[in-house]
Amino acid sequence: FDSTQMDERKADLESRLAAVSVKLNSLADRLHESRVSASSSFAANIQDSIRDMELPYSVFEVSLVDAPLGAVGRDAVMFRFSATGRNAVEVAKCASGGEMSRIMLALKAMKARFANMPTMIFDEIDTGVSGSVADKMGSMICSMGNHMQVFAITHLPQVAAKGKAHYLVSKDIDPVTSKAVSTIKRLSDEQRVLEVARMLSGSSLTDAAIANAKSLLSI
C-alpha cells in the first residue's frame, strides 16, 4: 500500500469502528435499562423464596455497579443479602454455608422457570441445612421437576425422599487393578426405604428408622 491507500484504509477502519462503537453503546444502554427494570421484581422473587426456607427476615437486593464496557454491557451486577433484614452486603461477604445454599437454590429455581434448560444437576446444594429447612428445599427441588429433569446428589433423607427415582452411587477399590471404581444402580422400592433409613440412623438400621423412611417416602 502507498501512503494514500494507507490513509484511505485507516479512515475506513475508523469510520467502521465509530459505527460499531455507537451500536455497542446503544445495546449497552438497552441492557442497562432492562436490568434496572427487572432488578426489583427479580430481587423480590428471590427474597420470597429465601424467606420460605425459614429465613423470615432475610433481605435480598440487586445492585448495578458501573463497569468497563464489554461483552456483558457496562454493568457489574451485585447481589446483596442480610439474614436479619439489616445492612445488606455482598453475598460472598456475609452468607453462611446454609444461607448460601438457600440463595443458590432460589436462583436455580427461577432459572428453571425461565431458561428452558432440559436438565439440572444439584451436587449437595443442601449443604449446611437440615430438618424442616431441608424438607422445604427438597420440595422446591421437586417442583423444579415440573419444568425440567432434575438430578439431586444429597446426603439428607428429607431431600432424597422427594425423588421419584433413586440411584445409589458407590466407590470401591478393584482388587485386580487397585484402582477406584465408581458404580451407580437404580434402587427398588424396598432398597429406597433401606437407604433412606440408613441416612437417618447410620449403618445400624433400626425399626424406627425404617418406619420413618417409609413415612418420608409415603410408602
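Residues are called buried when their relative accessible area is under 20% and exposed when it is over 50%. The model described here is predicted.

In helix α7, which spans residues 207-217, the buried residues include A209, A213 and L217. Viewed down the axis of α7, the buried residues fall within an arc of 65°, so they line one face of the helix. This agrees with the geometry of helices: an α-helix has 3.6 residues a turn, so residues three or four places apart point the same way. The exposed residues D207, A208 and S215 are carried on the face of α7 turned away from its buried side. The partner against which the buried residues of α7 pack is α6 (189-201). Just after α7, S218 adopts a positive phi of about 55°.

The largest nonpolar core has 30 residues, of which I50, F60, I103 and L105 touch the most other members. At least two residues of this core come from each of α1 (3-52), β1 (59-70), α3 (97-114), β4 (119-123) and α4 (131-144). Helix α3 supplies the largest share, 7 residues. Apart from its neighbours within four places in sequence, L105 contacts M53, F122, I125, M137, M140, I141 and M144. A second core, separate from this one, consists of 7 residues, among them A161, A197, A209 and A213. In soluble globular proteins, nonpolar side chains tend to be buried together.

The side chains of β4 alternate along the strand. M120 and F122 point to one face and are buried, whereas T119, I121 and D123 point to the other face and are not buried. Strand β4 pairs with β5 (residues 149-153) in the parallel sense, over 5 bridges, and I121 stands opposite F151 in β5. The connection from β4 to β5 passes through α4, and this β-α-β crossover is right-handed.

A further group of strands forms an open sheet of 3 strands in the order β1-β2-β3, with antiparallel pairing. Strands β1 and β3 (89-90) stand at the edges with a single partner strand each, so one side of each is left without a neighbour in the sheet. Strand β1 is joined to β2 (residues 73-82) by 9 bridges, and the two run antiparallel. Within this pair, F60 stands opposite F81 in β2. Helix α1 packs on the sheet and touches β1 and β2. The direction of α1 makes about 160° with that of β1.

Key
Residues numbered from 1 in each chain as written. Predicted model: local features only at pLDDT ≥ 70, side-chain atom pairs only at ≥ 80, totals over all residues. Heavy atoms only, no water. Buried < 20%, exposed > 50% of the residue type's maximum accessible area, 1.4 Å probe, protein only. Helix = DSSP H or I, 4+ residues; strand = E, 2+ residues; numbered from the N terminus. Arc of directions from axis to C-beta. Contact = heavy atoms within 4.5 Å. Core = buried A, V, L, I, M, F, W, Y, C linked by side-chain atoms within 4.5 Å. Pairing = 2+ DSSP bridges. Right-handed = clockwise from strand over helix to strand, strands pointing away. Axes fitted to C-alpha atoms, helices over the stretch in contact; angles between N-to-C directions.
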